[in-house]
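I opened this notebook to keep track of what I looked up, beginning with empty space inside the chain and then turning to the sheet and the cores.

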Amino acid sequence: MADWIEIDGRYGEGGGQVLRTAVTLSAVTGKPCRIFDIRAGRRNPGLAAQHLAGIQAAAQLCSGALEGAKIGSTEVCFQPGEITGGSYHVSVGTAGAVTLVLQVLVPLALWAREETTLEVEGGTDVAWSPLIDYCTHVHHYHLKELGARIEVEILRRGFYPRGGGRVRVRVQPWAGPCGSIQLRERGPVQAIDIWNVAAEALRKAHVAERQLKGFQSAWRGKYPLGQVHQLYVDSASPGTSFHAHARCERSRLGICAIGRRGKRAELVGREAAELLLKELASGAAVDRWMADQFIPYLSLYGGTIRTSYITEHIRTNMWVAEQFLAARFTLQGTTIRCG
């Protein structure tokens, strides 16, 4: 296919992030793409429900043409049109991650001609994906610091296996940051904010209280606690989540933890504390997950960010971005530059 960008879905990490980043940058740059061997190395290769929901909604947002969009498909052709904005409802249909769908749709909405409202149903607090609280208070926080206008309303939480969560996201058109993106120094840690969530069905077992106790036992007052939100919520399935982030002078670093049947609530909290302490000990300005999610923006606007660890996800995302744009990434330790 002449003039089409060819993306090998097996490259690097070889997961759904290849698809999400390719479709996002295809829509933003207007360059059509073919993604082949999608998730080919996974136990269940091809498109899962959350991947399908995300790219189908992306095609709607930009009046695009999409071929090969079905569950299990290992090849997709995406030809974008103009990103217009408007109101959209997206249902993953499973506990597939709402936040992974938003990773595709929010960038498109930022480049739309008019305000975009997204109502997405699925899993808000599930494994192997950012929690909705991380998405709101870390990812979107950094975008808003660069001038983006994004509002997130959590209408219902959704845990594995039934999902049933629902969020509403409003996004205003964005002109982009004033200059390149610079996140090299975080400055002093001001406080640690916590979102500690459990299904209402787990209240009698004091699961949320025990998660917080586990966090505090490992934290040992290393940095001051700020806002502590402890929530028992209505949900279709019992489940728990724990998000904490460090509010720093110039940035935020955050983590996600998920409870599961057979895992003690105290351990969920303790592991969350240990993970956030590790991120902070690195001296980074942004955590490794934020760095990964910021690669498309760096490729468009250039800049420098210092993260805690260069993951295979980050390397893969850089490669995908370079297929669409002339910008090139360089690494020096855990500092990522693009220009």
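I first wrote down what a cavity is: on a 1 Å grid over the protein atoms alone, a set of points where a 1.4 Å probe fits but cannot get out, with lining residues having an atom within 4 Å of a point. Grid points are joined across faces, edges and corners, and a volume is the space filled by probe spheres set on the points.

I noted that this is a predicted model, in which local features need pLDDT of at least 70 and side-chain atom pairs count only at pLDDT 80 or more, while totals for chains, interfaces and linings use all residues. Residues are numbered from 1 along each chain as its sequence is written, and side-chain values use heavy atoms, with hydrogens and water left out.

**Cavities.** I counted two cavities of 30 Å³ or more, and the largest has a volume of about 90 Å³. Its lining includes Q17, R20, T21, T24, Q103, P107, H139 and Y297. Helices and strands here are DSSP runs numbered from the N terminus (H or I, at least four residues; E, at least two). Helices α1 (16-29), α3 and α7 (288-301) each supply at least two residues of that lining, and α1 gives the most, with four.

**Sheet.** I then looked up the strands, where pairing requires that DSSP find at least two bridges between two of them. Four strands form an open sheet of mixed pairing, in the order β5-β6-β8-β7. Because β5 (86-91) and β7 (150-156) stand at the edges with a single partner strand each, one side of each has no neighbour in the sheet. Strands β5 and β6 (residues 116-122) run parallel and are joined by six bridges, and H89 has E119 in β6 as its bridge partner.

**Cores.** Which residues have the most contacts inside the largest nonpolar core? A nonpolar core is a set of buried Ala, Val, Leu, Ile, Met, Phe, Trp, Tyr and Cys residues joined through side-chain atoms within 4.5 Å, where buried means under 20% relative accessible area (1.4 Å probe, protein chains only). The largest has 71 residues, and I found L102, L110, F324 and I336 to have the most contacts inside it. Helix α3 (residues 98-110) gives this core its largest share, nine residues. Apart from it lies another core of 20 residues, among them W219, A244, A272 and L280. Taking contact as heavy atoms within 4.5 Å, and leaving aside residues up to four places away in sequence, I listed what L110 touches, including L143, I150, W174 and Y297.

Definitions and conventions: Buried means under 20% relative accessible area, exposed over 50%, partly exposed in between (1.4 Å probe, protein chains only). On a 1 Å grid over the protein atoms alone, a cavity is a set of points where a 1.4 Å probe fits but cannot get out, and a pocket is an open set with protein on both sides within 12 Å along at least five of seven lines; lining residues have an atom within 4 Å of a point.
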